[in-house]
Amino acid sequence: MLVIFAVIIIGLIGLAWLQYLLFGLPADPSLSVLPGTSETPSGFPIRLNVSHRINLFFPVLIIRSGSSVLVDPPRLYWNDRCAPEKELIHFTPLKYLKIKPGQTN
């Protein structure tokens, strides 16, 4: 049953290609509706092109700031006075320097 279905589909595709090769594509009716003259402008206005470029720039800034947030190692502490290595959740395998109060580098 599946083989018969596949043969029918392949046969219809083959007939469509045969029709294309013998007769070509039909004429495009949209070309006859709007005749083009050399006086009509082509393309988009410059203000649309500029605004498109500006709107492409802002997602780049959003992606850049999001990636910098993801790269920085977050530290979730229970409160402000927690010591290093006492975080609530560890997101990265990075090891931080253990600095004692009053110690300088």
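Start with the whole protein coloured by accessibility: buried residues make up 2% of its 105 residues, where buried means under 20% relative accessible area, exposed over 50% and partly exposed in between (1.4 Å probe, protein chains only). This is a predicted model, in which local features need pLDDT of at least 70, side-chain atom pairs count only at pLDDT 80 or more, and totals for chains, interfaces and linings use all residues. Residues are numbered from 1 along each chain as its sequence is written, and side-chain values use heavy atoms, with hydrogens and water left out.

Switch to a cartoon. The protein shows three helices and zero strands, in the order α-α-α along the sequence; helices (H or I, at least four residues) and strands (E, at least two) are DSSP runs numbered from the N terminus.

Select residues 2–23, helix α1. From first C-alpha to last, α1 reaches 32 Å with its 22 residues, close to the expected 32 Å, which is 1.5 Å times one less than the number of residues. Zero of these 22 residues are buried, so α1 is hardly covered.

Now show the side chains of Trp17 and Tyr20 in α1. Two aromatic pairs are counted in the protein, taking rings of Phe, Tyr and Trp (its six-membered ring) with centres within 6.5 Å; planes under 30 degrees apart are stacked, over 60 edge-to-face and the rest tilted. Trp17 and Tyr20 have ring centres 5.7 Å apart and planes at 85 degrees, so they pair edge-to-face. The two residues are three apart, about one helical turn. Trp17 is exposed at 53% relative accessible area, while Tyr20 is partly exposed at 40%.

Finally, select Gly24, just after α1: its phi is positive, about 80 degrees.
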